[in-house]
Amino acid sequence: MTRTSDVVICGAGIAGIATAHALAIRGIRNVTLIDSRSPLTLTSDKSTEAYRNWWPGPDDAMVRFMNRSIDLLEEWADASHDRFLLNRRGYVYATANPDKAAQFASDAVRAEQQGAGEIRTYHSQADAAAYRPSAHTGYRDHPSGADLFLDHDAIREQFAFLADDVIAVLHARRCGWMSGQQLGMWLLEEAKALGVTLLPGHVQSVHVRGGRVESVSVACSDGSDVTIATPGFVNCAGPFAKEVAALTGVSLPLFSEMHLKVAFEDTLGVVDRNTGLVILDDAQTLPWSDDERAEFAADHTTRWLTEPLPAGIHLRPEGYRQNQTVLMLWDYHSSHRYDVAELPLADDPFYPEVVMRGMARLAPGLAQYVDRLPPVSVDGGYYTKTAENRPLIGPTGVDGAYVNAALSGYGLMAAPAAGELIALHVSGGALPSYHPSFRLDRYNDPAYRALLASWGSTGQL
Ligand SMILES: Cc1cc2nc3c(=O)[nH]c(=O)nc-3n(C[C@H](O)[C@H](O)[C@H](O)COP(=O)(O)OP(=O)(O)OC[C@H]3O[C@@H](n4cnc5c(N)ncnc54)[C@H](O)[C@@H]3O)c2cc1C
């Protein structure tokens, strides 16, 4: 069977759905969105669903990009009567390390210069009287920028559940979370109402002739095969973007990392239900008894439990009002890079206990759960990334073939602006100033390569 489409999109995760929506609202409605899975069920429903405009980087591209994405999220929350429960709780970065505290202050200056908003610094409890804590729900009429606490007593007063030795807290404010599933379903419903078709199936091949996309072949989930004649193809295949790009003869510089998260019921009420997403920005070594330490250190499969683990362990409350669920994440698997994403994900039986122990360093009340771990659920997926952790959004060098991928750990928050950017490329609209930073051909630009080299040994943001 042959049909025609103005644009075929491979992948109905949040990137593919946001792209379909962005095309449809610009009048490009004969769009086919293809996935053999139910929408949003590979990576997009495993997210912590948080967003931030806090990206103090070597330049301001990510801040401008995320500010645009958050503008769209707020616009859509208004339009949908807040169907996806957007909040504005903020991100709360904490440290017990004086060097990190100094870094919070310098990051804050840079972030302000790059457009993340005004910084308010508190050196005493009296200064901190001006601080406006987060509201439980809602996203309008909240402060933007960030509040930087450099006073112990002010930190104790506002963030009582954090460890007593935390010496600096940075509360970034144009940040929060939402229901990513509801966001995706709302966008999909809107896109379908405008004419977008969801086709269950697997993209098998993309036919390119004379350097142009001509058609896409799909093995449909009902057993039939379909060829769709089309001048446009958008690769939104998430962890499989590299394989899908190869169907058009394009090589993408991508790798993937496994990231897990754990959910449990905080029946002891340790975590403040009004808090933002809290991140401990310090590396740590887990405290074990002498016997435990000796036993783990003696076995090469468990020795890592006695070694320093990375900064960045984070948590947030899930749900509102009487809900007690807490989500916790610690990205200590990310040193292993996958060239090809493997499913199912590798198992880590230690994860819930390790995360609870590590989190007790940030919120000591959680130590009560360590000896008798409550029931937990663990899930996760891949962060698919470029070396400098910026996305790939734009043309690929084959006429009509685009990519919207490498959305790493920020795909939910980035999808609105990423989908819009693809639609502007496809429709020939005016491109925003940040678009060159996300194109695949940025790597051909000597100036960009020099910038990357100046970003440090890993080049990663
Ligand atoms: C534990 C965890 C926490 C996270 N937390 C956050 C967060 O707080 N905030 C945030 O913004 N982001 C977060 N992320 C990142 C975010 O979830 C991802 O960046 C985002 O979901 C990527 O969306 P996607 O549409 O690119 O990929 P996916 O959701 O993986 O969708 C890709 C789709 O492509 C389909 N596909 C692949 N190949 C083919 C083919 N040949 N034919 C047809 N279909 C194909 C797949 O079946 C899949 O459905 C987190 C991720 C993880 C794993």
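A polar contact here is a pair of N or O atoms within 3.5 Å. Keep that cut-off in mind for the first view, and remember that this model is predicted.

**View A. Polar contacts of the ligand.** Ser-47 offers a side-chain N or O atom that sits 3.4 Å from a nitrogen atom of the ligand. The side chain of Ser-44 also takes part, with an N or O atom 2.6 Å from a ligand oxygen. At Gly-411 the backbone is the partner: one of its polar atoms is 3.0 Å from an oxygen atom of the ligand. On its own the ligand has 1,000 Å² of accessible area, and the protein covers 96% of that.

**View B. The shell around the ligand.** Here you can look for the 36 residues that surround the ligand, with Asp-35, Thr-43, Ser-44, Ala-50 and Met-413 the closest. At least two shell residues come from each of helix 1 (14–25), strand 3 (31–35), strand 10 (197–209), strand 18 and helix 9 (411–427).

**View C. Strand 5 and its partners.** All five residues of strand 5 (residues 91–95) are buried. Tyr-91, Tyr-93 and Thr-95 lie on one face, while Val-92 and Ala-94 lie on the other. Five bridges pair strand 5 with strand 8 (residues 168–172) in the antiparallel sense, and Val-92 has His-171 as its bridge partner there. Strand 15 (residues 277–280) runs parallel to strand 5 and is joined to it by four bridges; its Ile-279 is the bridge partner of Tyr-93.

**View D. A nonpolar surface patch.** Leu-373, Val-376 and Val-378 together make a patch of about 200 Å². Val-378 belongs to strand 18 (residues 376–385) and is partly exposed, at 40% relative accessible area.

Methods. Residues are numbered from 1 along each chain as its sequence is written. This is a predicted model: local features need pLDDT of at least 70, side-chain atom pairs count only at pLDDT 80 or more; totals for chains, interfaces and linings use all residues. Side-chain values use heavy atoms; hydrogens and water are left out. Patches are made of residues with over 30% relative accessible area and no salt bridge: like charges are joined within 9 Å, nonpolar side chains (Val, Leu, Ile, Met, Phe, Trp, Tyr) within 5 Å. Accessible areas come from the Shrake-Rupley method with a 1.4 Å probe; for residues, only the protein chains shown count as cover. A salt bridge is a side-chain nitrogen of Lys or Arg within 4 Å of a carboxyl oxygen of Asp or Glu. Buried means under 20% relative accessible area, exposed over 50%, partly exposed in between (1.4 Å probe, protein chains only). Two strands pair if DSSP finds at least two bridges between them. A residue is near a molecule or strand if one of its heavy atoms lies within 4 Å of it. A polar contact is a pair of N or O atoms within 3.5 Å; within protein, one must be able to donate a hydrogen and the other to accept it, and residues adjacent in sequence count only if both atoms are side-chain atoms.
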